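Please walk through the model below, starting from a single loop residue and moving outward to the helix packing and the cysteines.

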Amino acid sequence: MMQTIDNEVCSKRLEIRSDHNVFANVNLRGQMVSLLMSYTTPWLKLGLETMFGETITAETTAMVYDVSFAKRNVCSVDSNYQQKITARSIVKTFVMERVLSDPHLKMKYTGGKCNIPSFRFERIYKHELNELILRRVLTLIVFLDGAKRGDVIPSSVLLFRKAAMVKSSQDFLHILCRDYISGIGHLPKYLAQVGVTVSFQQDPLDELEFTVSNLATDLRDGVRLGKLAEILGQSNGVLEQMRLPAISRLQKVFNVSVSLSALSCLGIPNVDNIHPNYIVDGHRPQVLKMLWSVMTSFELNSLLSSERLKQEIYAIHRSDASRVDSIYFSSLCGNVEDCDNLCDLLLVWCQAVCSCYNYTVFNFSASFADGIALCLLIHFYHPGIVDIGSILPNCVSKSNEWRAKNPCRVDKLIENERKNCLLAIEKMKDVGGVPNMFPVSDSCNAPDARTTIICVAYLCSRLLESSKETRAAV
């Protein structure tokens with residue numbers, strides 16, 4: 001392909017318009033630089049280094065083009081000078097000095113005595129320089145098109161910048177044909193006739209950002225939710241149904257509805273009850289409800305097995321002869337054998353463990369506020385990690401009348417509850433594998449039940465890994 005381009009340029013079937021001097025015309029030169037800088041820096045640097053057979057660095061750029069640098073006669077680029085130069089500015093300098101100009105050709109016709117040749121040498125220099133520029137630009141376009149289609153650089157690196165003038169190789173050729181080339185009406189078609197084809201077009205989906213930094217705003221266009229549905233479903237096609245870029249409210253509502261439908265098809269509960277307008281408006285309770293449904297449906301299933309939890313519950317009850325009759329029944333979910341709700345089974349497991357210490361657990365909020373339940377869960381499986389004597393008393397069992405008469409003692413007991421929470425958080429770090437998300441709470445400031453469920457689910461997963469050894473020790 002490169003030889004074909006050389007032949008077409010040398011035979012003058014492809015040439016820059018005679019009234020255009022790319023080197024002298026500031027507007028034409030600036031437009032060409034902008035077109036070439038439409039490529040992202042890694043790809044453009046790769047193409048230029050391949051074409052010229054040299055590495056583009058700040059040092060080589062300065063040593064070749066900075067005359068004052070040469071006069072200073074130093075061996076390396078000053079560190080402060082090098083820090084100010086970005087990789088993109090280095091590549092841009094290389095484009096201007098080596099792609100749209102040529103030091104050797106300039107030296108040939110000026111002898112180093114002036115910047116621009118004069119008289120008859122000016123016409124010859126202009127003609128040869130235009131040929132050289134056209135050959136290099138076309139070669140660069142064709143090379144980068146083929147390299148991108150071959151994924152020479154990982155596909156996650158875009159070929160064209162998001163704010164670029166062009167987003168496809170053919171668009172580049174069309175602008176080149178319209179503003180620079182003489183005698184050709186459709187440059188991509190002409191090149192295809194001589195065996196040179198370009199076909200890459202950057203997909204808008206490739207330019208999407210999926211990083212989430214603010215739940216109130218980042219989910220409103222539905223794009224990230226669509227990507228989440230694709231990841232969870234291990235399939236593609238959700239994003240392709242969307243209207244991109246999502247600028248208007250109608251487009252965002254449509255995209256969110258597509259995402260919610262995809263999540264619903266994955267079997268996630270409660271998603272059908274969430275209206276897309278809530279997500280577009282950033283309605284916090286509804287957004288959290290949706291995310292909670294996703295987490296409980298996928299995260300808990302990946303951490304725990306309902307059958308494994310049932311077997312553990314049965315084993316805990318069998319360890320106490322007085323509770324053998326209640327092995328298969330729970331006041332929370334009835335017959336344990338028929339219960340498939342992981343959250344309910346997780347709470348039954350917590351009740352079974354804590355009942356061994358005569359401590360009652362009712363829910364994932366108030367029952368975990370004093371930190372005692374978490375400490376007991378850890379102590380049951382790893383007595384060496386949590387000393388049962390280090391768990392301080394709480395004020396949960398105290399009546400309102402007692403609290404009114406003993407405010408100082410109530411403050412002390414509430415402080416004990418916070419210390420228990422700190423103890424549980426510290427010991428969960430020792431267990432390992434449990435995210436640090438449980439808050440320091442007390443009976444007056446109970447933790448959110450959803451936070452507790454996720455924390456307990458990770459803790460249960462870690463503790464059950466050693467359940468066989470614990471059962472053998474018992």
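Lys12 has a relative accessibility of 41%, so Lys12 counts as partly exposed. The model is a predicted one. Lys12 lies in the loop that runs between α1 and α2 (26-36), and its phi is positive, about 65°, although Lys12 is not a glycine. Most residues other than glycine have a negative phi, and most peptide bonds are trans. Asp151 also goes against the first of these tendencies: its phi is positive at about 55°, and it is not a glycine. Asp151 sits in the loop between α9 and α10 (169-179), and with a relative accessible area of 43% it is partly exposed. The tendency for peptide bonds has its exception at Leu244 and Pro245, which are joined by a cis peptide bond with omega about -5°. Pro245 belongs to the loop between α12 (223-233) and α13 (249-265).

These loops are set in a protein with 22 helices and two strands. Of its 474 residues, 45% count as buried. Among contacts with a separation of 6 or more, 65% are between residues 24 or more positions apart. Two helix pairs show how such elements pack.

The first pair is α1 and α9. Helix α1 covers residues 2-10 and helix α9 covers residues 120-149; their axes come within 10 Å and cross at roughly 155°. An angle over 145 degrees counts as roughly antiparallel, and α1 and α9 are therefore roughly antiparallel to each other. Their crossing is right-handed. On the α1 side the contact is made by Met2, Ile5, Asp6, Val9 and Cys10, and on the α9 side by Glu131, Leu134, Arg135, Leu138, Thr139, Val142 and Phe143. Sorted by class, the contact of α1 with α9 has eight nonpolar residues, one polar and three charged.

The second pair is α18 and α21. Helix α18 (residues 372-381) packs against helix α21 (residues 449-464) at an angle of about 10°, and the axes are 10 Å apart. An angle under 35 degrees counts as roughly parallel, which makes α18 roughly parallel to α21. Leu374, Leu377, Ile378 and Tyr381 of α18 meet Val456, Leu459, Leu463 and Leu464 of α21. This contact of α18 with α21 divides into eight nonpolar residues, no polar and no charged.

Leu374 gives a closer view of that second contact. Leu374 is in helix α18, and its relative accessibility is 0%, so it counts as buried. Apart from neighbours within four places in sequence, Leu374 is in contact with Phe368, Ala424, Met428, Phe438, Val456 and Leu459. Val456 and Leu459 are also among the α21 residues that make the helix contact. From Leu374 to Thr452 the C-alpha distance is 9.8 Å, while the two are 78 residues apart in sequence.

The cysteines come last. How many disulfides does the model contain? A disulfide is a covalent bond between the sulfur atoms of two cysteines. Here the pair of sulfur atoms must be within 2.5 Å, and by this rule the count is zero. Cys460 shows the reasoning: the cysteine sulfur closest to its own is in Cys350, 7.2 Å away, and that is too far for a bond. Cys460 has a relative accessible area of 0%, so it is buried. Cys343 also counts as buried, because its relative accessibility is 17% and the cut-off for buried is under 20%.

Technical notes
Residues are numbered from 1 along each chain as its sequence is written. This is a predicted model: local features need pLDDT of at least 70, side-chain atom pairs count only at pLDDT 80 or more; totals for chains, interfaces and linings use all residues. Side-chain values use heavy atoms; hydrogens and water are left out. Axes are lines fitted to C-alpha atoms, for helices over the stretch in contact, and angles run from 0 to 180 degrees between N-to-C directions. Helices (H or I, at least four residues) and strands (E, at least two) are DSSP runs, numbered from the N terminus. Angles under 35 degrees count as roughly parallel, over 145 as roughly antiparallel, 65 to 115 as roughly perpendicular and the rest as oblique. A crossing is left-handed if the near helix is turned anticlockwise from the far one by less than a right angle, and right-handed if clockwise. Contact means heavy atoms within 4.5 Å. Ala, Val, Leu, Ile, Met, Phe, Trp, Tyr, Cys and Pro count as nonpolar, Asp, Glu, Lys and Arg as charged, and the others, Gly among them, as polar. Buried means under 20% relative accessible area, exposed over 50%, partly exposed in between (1.4 Å probe, protein chains only).
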